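Hello,

Here is the structure I promised to pass on to you. Please have it open while you read, and my notes on it follow below.

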Amino acid sequence: MKSGEKLIQYFILIGLIITTSWSCIESGDKTSVKIIFKESSQKLGDTRSFGLDINDIDLDGDNDIFICNYVGESKLWLNNGNGKFEMSNQSFLNSVAHDVKIADYNGDKFPDIFILYHDSPSKVYFNDGNGNFTDSGQNIGSIEEYPGMMVIGDVDNDGDVDAFISHYKISNRLWLNDGKGFFTKCDSEFGDDGDPGHMELCDFNGDSFLDLFLCMTNSPDQVFLNDGKGNFIKTEQALGSNTGNDAAMSKDIDGDGDIDVVVTNNKNGIIIWLNKDNTGEFIKAGDYFGEDVTLTFSLFDPDLDGDFDLITSNKEKGNLLWLNDGNGNFTQSGLIFGNSRVISIGCEDIDKDGDIDLVFGQGEGTGGNSIYSNDLK
């Protein structure tokens, strides 16, 4: 019997306790801790929430939540310090929002908000330091481009945060920050027109420059290496299958010190790409696993054992927690919670107890966006 099969049988034996208000599973990893997620009674709106980001918006020492809504106005939820949230009355347009990223874009040390819209150009909102936001006045892109998602980072090494944006009508584009939070679109195009192309920015070859992993639709994924000035050179790699849509996240999955990539494919499942000796060349770790996953997933460390575990959304089963053995091998924990209409996931410590909690952005009519606090034992 394979070790993975033995582990699955072990989880079946210890069982799963699920009630309407809390879920508990013993992880069975080397630390023998229990992963306990308790669902909060609070819901953060009940609408179609395509994106969310978690950050200490008002600099009071706890993490707040911004939820961008495709249906209805996007909302900022402020943390009272104990993981309970109050909705801010600030307005961020009722304009079909599709993604959000929080960072200090204008260099004043305060976290600002960058929102992708479909019914208006995308916007950057500047923070006054107290969590009050003002429209920067710039229009980023046009209504006709239909932005899908974005990744952010300092790609040209000038000390500010730049943005890659995917689109449904044009190719993915890089927007460079002038250091004051104002963005200019570069001429280079990434991916094909009409291919929304999920992306991941990370240093894949160890030269300290942010490289690009570009997911493709119905074609293999691509890797672009950064020359340090924001110029990206496409490698010859063609990763994955020619079917389905991909989404990617990058972390050191196997504990060898370089950055690997996890990809979910909505037709084939999950696949792990291991970085070959920190070169940015990727090797498939094994076959696809985990059927019927959506493109919504995240890597985080809920059991605080030093490796990155995986939470995926499943079309039929809801949200599944997969545990990493430290070498990049994932096994279902048996923990299934939430519903099958989760479309965005945030992973941060929101109740200040030192472990990583979960926030689920969901489709409308599902009872509202959910918070699950991690009560690791």
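Leu 321 is buried in this predicted model, because its relative accessible area is 2% and the cut-off for buried is under 20%. Leu 321 belongs to strand E26, which covers residues 318-324. What does Leu 321 touch, once its neighbours within four places in sequence are left aside? Its contacts are Ile 35, Phe 300, Pro 302, Leu 310, Thr 331, Gln 332, Ser 333, Gly 334 and Leu 335. You may also like to look at Phe 297, which is 24 residues away from Leu 321 along the chain. The C-alpha atoms of Leu 321 and Phe 297 are separated by 10.0 Å.

Next, please find Asp 307. It sits in the loop that runs between strand E24 (293-300) and strand E25 (309-314). Is Asp 307 buried or exposed? With a relative accessible area of 6%, Asp 307 is buried. Its side chain has a polar atom 3.3 Å from the backbone nitrogen of Gly 326.

His 118 is another loop residue to look at, placed between strand E9 (112-117) and strand E10 (123-127). His 118 counts as buried because its relative accessibility is 5%, under the 20% cut-off. Which backbone atom does the side chain of His 118 reach? The partner is the backbone oxygen of Pro 147, at 2.6 Å. Pro 147 is also among the residues in contact with His 118 when neighbours within four places in sequence are set aside. The others on that list are Tyr 70, Ser 95, Val 96, His 98, Ile 143, Tyr 146 and Tyr 168.

Pro 147 turns up again in the lining of the largest cavity. How many cavities of 30 Å³ or more are there? The count is one, and the volume of the largest cavity is about 50 Å³. Along with Pro 147, the lining is made up of Tyr 117, Ser 120, Pro 121, Ser 122, Ile 140, Gly 141, Ser 142, Glu 145, Ile 165, His 167 and Trp 175. By class, six of the lining residues are nonpolar, five are polar and one is charged.

For a contrast in exposure, go to Gly 338, in the loop between strand E27 (330-337) and strand E28 (342-348). Gly 338 counts as partly exposed, because its relative accessibility is 37% and that class lies between 20% and 50%. Not counting residues up to four places away in sequence, Gly 338 touches Gly 318, Asn 319 and Tyr 372. Gly 338 and Asn 319 are 19 residues apart in sequence, and their C-alpha atoms are 6.0 Å apart in space.

Now for the chain as a whole. It has one helix and 30 strands, and 55% of its 377 residues are buried. Of the contacts with a separation of 6 or more, 42% are between residues 24 or more positions apart.

A word on confidence, too. The mean pLDDT of the chain is 89, with 90% of the residues at 70 or more. Where does pLDDT stay under 50? That stretch is residues 1-31, for which the model has 56 contacts beyond four places in sequence.

Best wishes

Methods
Residues numbered from 1 in each chain as written. Predicted model: local features only at pLDDT ≥ 70, side-chain atom pairs only at ≥ 80, totals over all residues. Heavy atoms only, no water. Helix = DSSP H or I, 4+ residues; strand = E, 2+ residues; numbered from the N terminus. Buried < 20%, exposed > 50% of the residue type's maximum accessible area, 1.4 Å probe, protein only. Polar contact = N/O pair within 3.5 Å; in protein donor to acceptor, adjacent residues only side chain to side chain. 1 Å grid on protein atoms, 1.4 Å probe; cavity = no way out; pocket = protein on both sides within 12 Å on 5 of 7 lines; lining within 4 Å. Points joined across faces, edges and corners; volume = space filled by probe spheres on them. Nonpolar A, V, L, I, M, F, W, Y, C, P; charged D, E, K, R; others polar. pLDDT = per-residue confidence, 0-100. Contact = heavy atoms within 4.5 Å.
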